[in-house]
Amino acid sequence: MDGRSEFGPVTRSRRRATISSTKGELLKGSNGVSSASASKPGHKRGDSYTKDSAEEARKSSRNDNMNCHKLQESLLSSASGFKNYRGILNWCVVMLVLSNARLFLENLLRYGILVDPIQVVSLFLKDPYSWPAACLVIVSNVFILVALYTERKLAMGTFSEKLGLLIHIINLTVILCFPMLTVLMVPSVTPVGGAFALGSYTILFLKLYSYKDVNRWCRERLQVKARGLSRSLSCPSPPSADGAVHVSYPGNLAFKNLYYFVSAPTLCYELNFPRSQSVRMGFLLRRLFEMVAHILVVFSVVPQWMVPIIQSSMKPLQDMDYSRMIERLLRLAVPNHFLWLIFFYWFFHSSMNFVAELLRFGDREFYRDWWNSESVTYFWQNWNIPVHKWCIRHFYKPLLRKGASKLLSQSAVFFASAFFHEYLVSVPLRMFRLWAFMGMMAQLPLAWFVGRFLRGNYGNAAVWLSLIIGQPIAVLMYVHDYYVINHLEEAADPGAL
């Protein structure tokens with residue numbers, strides 16, 4: 001019994017030694033290093049793991065060499081999800097710069113330098129001592145004061161709502177008719193000066209219309225509160241977040257409040273506009289530099305690039321040579337679109353941000369990403385946010401509330417926009433051809449076609465094509481008619497010789 005008890009543990013210990021030695025030999029055979037050597041002072045346990053990982057890396061490398069394909073799409077395929085095309089965009093910019101540089105050199109070699117500062121000044125003034133367009137803008141203060149006086153009388157109850165509405169209608173009608181008659185009857189008003197004056201009066205018309213509506217809404221709220229036995233005698237205002245003093249109706253009927261709205265880069269009136277904390281001088285100077293630089297570019301490109309193309313287009317238009325007409329149209333499309341893009345940046349970014357920074361006007365959303373438009377409707381809703389907000393607030397939604405359908409309301413908005421486009425072009429040129437009006441109304445079927453049949457990149461390409469090609473057609477039509485009326489008739493008139 002004692003021998004058996006002593007033999008048992010000895011046998012188990014020998015078995016353990018045999019197993020451990022076998023494992024050591026196996027490890028040595030597979031890794032080349034024995035377990036005993038791993039326990040020596042000169043070796044670390046991490047070395048075996050490092051060698052194992054290196055061996056696995058070599059195996060995976062051999063597998064990669066054997067398998068070099070996987071399931072994937074080409075980068076230019078939409079299914080690949082790849083979106084970084086910055087290099088292609090830079091390539092397009094470089095190609096545009098090179099191609100336009102060639103056209104610029106070709107223009108200089110053919111025509112020489114055509115930019116004349118005297119001609120630029122003559123676009124605004126015929127007589128240096130007569131400034132009819134500037135006088136028209138100064139006279140517009142009369143209509144501002146009439147609107148303020150009417151609103152004050154309405155707030156005090158001196159004028160009835162019907163009488164106040166009649167005065168506002170007469171005032172707004174005169175705002176549109178008075179400058180038009182002045183431009184048509186005063187020969188010293190140049191086309192550029194007339195367009196500037198009419199543009200100022202159009203903006204004033206939209207602003208005073210909004211001023212009338214908002215104050216009427218405030219009076220209606222007061223009447224509702226009065227019937228509800230409310231003690232509040234003012235139109236509610238948003239709470240002040242920056243500690244600024246906010247006004248309430250009728251405290252807003254002051255010269256300072258109205259003239260701030262007239263000067264602010266917006267067409268929609270509010271009693272209290274969002275204001276920025278301070279004026280950033282660096283931002284202000286950058287916008288001023290951009291404004292001056294872009295004006296110089298415009299007055300250089302028009303006589304140097306556009307005028308020769310337009311002059312060479314007169315004979316093909318008169319002869320109805322369609323092939324040469326199309327060729328001139330495509331030549332004119334590039335500088336015309338270039339000027340349109342400059343105008344957009346100059347007006348909607350540089351100028352409006354400059355005025356907003358100067359007045360600490362907080363809402364700087366003057367445009368959205370219209371360049372990504374996949375439909376004509378999206379473009380018109382996002383390229384001119386002040387006009388879009390005015391149309392929605394004071395024209396589109398009121399028509400819907402009166403029972404008009406969405407299609408009829410949208411058509412009415414396009415009709416009003418077409419009227420003002422024609423008003424700003426035909427009156428300064430002193431001729432009525434309705435090219436701008438028809439161009440705007442043509443946006444309705446174009447919007448339907450693009451929205452119905454084109455999607456994504458195709459819709460965006462259609463929008464860009466309408467912008468690049470549509471405007472030069474209207475420019476050529478107006479310039480041709482203006483040339484025929486003012487130059488061919490004068491040449492044919494014997495009394496002019």
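These are my notebook entries on a predicted model of one protein chain.

**Ground rules.** I number residues from 1 along each chain as its sequence is written, and side-chain values use heavy atoms, with hydrogens and water left out. Since the model is predicted, I accept local features at pLDDT of at least 70 and side-chain atom pairs only at pLDDT 80 or more, while totals for chains, interfaces and linings use all residues.

**Entry 1: overall.** I looked up the secondary structure and found 18 helices and zero strands in the chain. Helices (H or I, at least four residues) and strands (E, at least two) are DSSP runs, numbered from the N terminus. The chain has 497 residues, and 31% of them are buried. Buried means under 20% relative accessible area, exposed over 50%, and partly exposed in between, with a 1.4 Å probe and protein chains only. I then took the accessible area, which is about 31400 Å², with 66% supplied by carbon and sulfur atoms. These areas come from the Shrake-Rupley method with a 1.4 Å probe; for residues, only the protein chains shown count as cover. For contacts (heavy atoms within 4.5 Å), I counted pairs at least 6 apart in sequence, and 71% of those join residues at least 24 apart.

**Entry 2: record.** I checked UniProt, where the unreviewed entry lists "transmembrane region" for residues 129-151, 163-186, 192-211, 288-307, 338-359, 407-426, 432-450 and 462-480. UniProt positions are in the numbering used here, feature names are shortened, and annotations may be inferred rather than shown by experiment. I compared two of these spans with the model. Residues 338-359 are 100% helix and 0% strand, with end C-alpha atoms 30 Å apart. Residues 432-450 are 79% helix and 0% strand, and their end C-alpha atoms also lie 30 Å apart.

**Entry 3: cores.** I searched for nonpolar cores, meaning sets of buried Ala, Val, Leu, Ile, Met, Phe, Trp, Tyr and Cys residues joined through side-chain atoms within 4.5 Å. The largest has 56 residues, and the ones with the most contacts inside it are Ile175, Phe205, Tyr211, Tyr269, Trp370, Phe379 and Trp383. Helix H9 (residues 191-227) gives the largest share of this core, 11 residues. I followed Phe205 outward: beyond its neighbours within four places in sequence, it touches Leu172, Ile175, Leu176 and Phe420. A second, separate core holds 12 residues, including Met306, Met314, Leu317 and Leu476.

**Entry 4: Ser426 and Tyr478.** I found Ser426 in helix H15 (residues 406-429) and Tyr478 in helix H18 (residues 456-492). Ser426 counts as buried because its relative accessibility is 0%. Tyr478 is also buried, at 7%. They are 52 residues apart in sequence, and their C-alpha atoms are 8.7 Å apart in space. Neighbours within four places aside, Ser426 contacts Met431, Phe432, Arg433 and Tyr478. With the same exclusion, Tyr478 contacts Glu422, Val425, Ser426, Leu429, Met431, Arg433, Leu434, Trp435 and Ala436.

**Entry 5: salt bridges.** I counted 13 salt bridges in the structure, each a side-chain nitrogen of Lys or Arg within 4 Å of a carboxyl oxygen of Asp or Glu.

- Glu151 pairs with Arg219, with the closest N and O atoms 2.7 Å apart. Glu151 is in helix H7 (residues 141-156) and Arg219 in helix H9, so the pair ties together parts 68 residues apart in sequence. Glu151 is buried at 0% relative accessibility, and Arg219 is buried at 7%.
- Arg287 pairs with Glu290, the closest N and O atoms being 2.8 Å apart. Both lie in helix H11 (residues 281-319), three residues apart, about one turn of the helix. Both are buried.
- Glu327 pairs with Arg328 at 2.4 Å between the closest N and O atoms. Glu327 is partly exposed at 32% relative accessibility, while Arg328 is buried at 13%.
- Lys212, Asp213, Arg216 and Glu220 form one network through salt bridges that share partners.

**Entry 6: surface.** I looked for patches, which are made of residues with over 30% relative accessible area and no salt bridge; like charges are joined within 9 Å, and nonpolar side chains (Val, Leu, Ile, Met, Phe, Trp, Tyr) within 5 Å. Leu75, Leu76, Phe82, Tyr85, Ile88, Trp91, Val94, Met95 and Leu98 form a nonpolar patch, with about 920 Å² of accessible area together. I checked Leu98 in particular: it sits in helix H4 (residues 86-111), and counts as exposed because its relative accessibility is 54%.
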